[in-house]
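These are my notebook entries on a single chain. I set out to look up its pockets, its strands and its salt bridges.

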Amino acid sequence: MSGQHVLSSHHDTTIGILGAGRVGTALARQAVKAGYRVLIATAKPAAENALLVDIVTPGAVAVESSQAAASDLVVLAIPLHKFRTLHPSELAGRIVIDAMNYWAPVDGVFDDFESDPRTSSEVVEEFLRYARVVKSLNHIGYHELEEDDEAAGVPTRRALALAGDDADAKAFVSSFIDRLGYDAVDAGPLSAGRAFQPATEIFTGSHTANQLRALIQKNRPLADAA
């Protein structure tokens with residue numbers, strides 16, 4: 001059953017979440033449930049977020065954005081058009097999950113992405129320069145994240161894709177995804193994240209690991225041609 005896979009504590013690993021919207025707070029709650037130490041920050045001072053975090057994400061700690069950025073794993077859960085408000089120097093060398101999406105019909109048109117043939121994550125990676133960026137957690141609804149989790153080994157367990165150019169960073173993120181209650185499927189380099197951007201079959205559906213691997217393979221020729 002969902003939520004029945006509580007494992008040993010991971011409080012020695014710190015998860016920093018930048019963004020306290022619906023996605024960021026859902027991720028924070030799920031990471032707390034998985035036993036992680038969770039720090040959450042916004043552009044506002046930590047003191048202004050403290051009460052909200054205590055109520056909405058009990059167990060997480062409101063911190064300054066620089067403190068969240070110093071975590072073992074940092075999740076970007078801000079609106080994508082605000083990515084240039086991030087501080088590349090604070091995220092240098094950090095494993096960073098890009099959970100953001102560019103979806104013009106919903107969010108509006110932004111030249112940073114509209115006129116660039118690369119994926120949105122590649123644009124973000126270039127801006128962050130020395131961060132170890134992994135694309136993932138962008139293709140599951142914030143409410144689903146807390147409802148669809150299952151124990152490892154369950155045949156129907158939902159899978160989430162990840163893409164990145166740093167093998168060690170991807171391994172770390174894969175372990176995190178597993179702890180959250182999902183199978184992690186490596187789609188390949190960061191550019192392969194195109195296969196699970198908005199409006200794709202992967203983005204709009206729920207898939208097991210085998211189903212997800214098949215969809216990634218089907219989309220690989222498109223990614224290679226891009």
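**Entry 1. Burial and the pair Asp148–Arg158.** Before reading any accessibility, I noted the cut-offs: a residue is buried under 20% relative accessible area, exposed over 50%, and partly exposed in between. I also noted that the model is a predicted one. I looked up Arg158 and found a relative accessible area of 4%, so this residue is buried. Its salt-bridge partner is Asp148, and the N to O distance between the two side chains is 2.8 Å. Both residues sit in the loop between α8 and β7, ten residues apart. I read 25% for Asp148, which is therefore partly exposed.

**Entry 2. Asp149 and Lys33.** I next asked which residue meets Asp149 in a salt bridge. The partner is Lys33, at 3.1 Å from N to O. Asp149 belongs to the loop between α8 and β7 and Lys33 to helix α1, so the contact ties together parts that are 116 residues apart in sequence. Is Asp149 buried or exposed? Its relative accessibility is 0%, so I entered Asp149 as buried. Lys33, with a relative accessible area of 34%, is partly exposed.

**Entry 3. Asp112 and Arg84.** I then looked up the salt bridge between the side chains of Asp112 and Arg84, which is 3.0 Å from N to O. This pair links distant parts of the chain, with Asp112 in helix α6 (residues 111–114) and Arg84 in the loop between β4 (73–76) and α4, 28 residues apart. Asp112 has a relative accessible area of 31% and is partly exposed. Arg84 is also partly exposed, at 46%.

**Entry 4. Salt bridges overall.** How many salt bridges does the count come to? I recorded 13. I also noted a network of salt bridges in which Asp116, Arg118 and Glu126 are linked.

**Entry 5. Strand β7 and its neighbours.** I examined β7, residues 159–164, and found six of its six residues buried. Ala159, Ala161 and Ala163 point one way from the strand, while Leu160, Leu162 and Gly164 point the other way. I then asked how β7 runs relative to β6 and β8, parallel or antiparallel. Strand β6 (residues 132–135) is antiparallel to β7 and is joined to it by two bridges. Val134 has Gly164 of β7 as its bridge partner. On β8 (residues 183–188) I found five bridges to β7, and these two strands run parallel. Here Ala161 is partnered by Val185 in β8. I followed the chain from β7 through helix α9 (residues 167–180) to β8 and recorded a right-handed β-α-β unit.

**Entry 6. Strand β2.** In β2 (residues 36–41), five of the six residues are buried, so I described the strand as largely enclosed by the rest of the structure. Two bridges join β2 to β3 (residues 61–62), and the two strands run parallel. Leu39 stands opposite Val61 in β3. With helix α2 (residues 46–56) between them, β2 and β3 make a right-handed β-α-β unit.

**Entry 7. The largest pocket.** I recorded a space of about 970 Å³ for the largest pocket. Which of its 43 lining residues are the closest to its centre? They are Ala77, Ile78, Pro79, Leu80 and Met100. The elements that give two or more residues to this lining are α1 (22–33), α3 (65–69), α4 (88–91), α5 (104–107), α8 (142–145) and α10 (201–204). The largest share comes from α1, with three residues. By class I entered 23 nonpolar, 14 polar and six charged residues.

**Entry 8. The second largest pocket.** The volume I noted for the second largest pocket is about 160 Å³. I listed its lining as Tyr102, Ala104, Phe113, Glu114, Asp116, Arg118, Thr119, Ser120, Arg194, Gln197 and Pro198. This lining has four nonpolar, three polar and four charged residues. I cross-referenced two of these lining residues, Asp116 and Arg118, with Entry 4, where they are linked with Glu126 in the network of salt bridges.

Notes
Residues numbered from 1 in each chain as written. Predicted model: local features only at pLDDT ≥ 70, side-chain atom pairs only at ≥ 80, totals over all residues. Heavy atoms only, no water. 1 Å grid on protein atoms, 1.4 Å probe; cavity = no way out; pocket = protein on both sides within 12 Å on 5 of 7 lines; lining within 4 Å. Points joined across faces, edges and corners; volume = space filled by probe spheres on them. Helix = DSSP H or I, 4+ residues; strand = E, 2+ residues; numbered from the N terminus. Nonpolar A, V, L, I, M, F, W, Y, C, P; charged D, E, K, R; others polar. Buried < 20%, exposed > 50% of the residue type's maximum accessible area, 1.4 Å probe, protein only. Pairing = 2+ DSSP bridges. Right-handed = clockwise from strand over helix to strand, strands pointing away.
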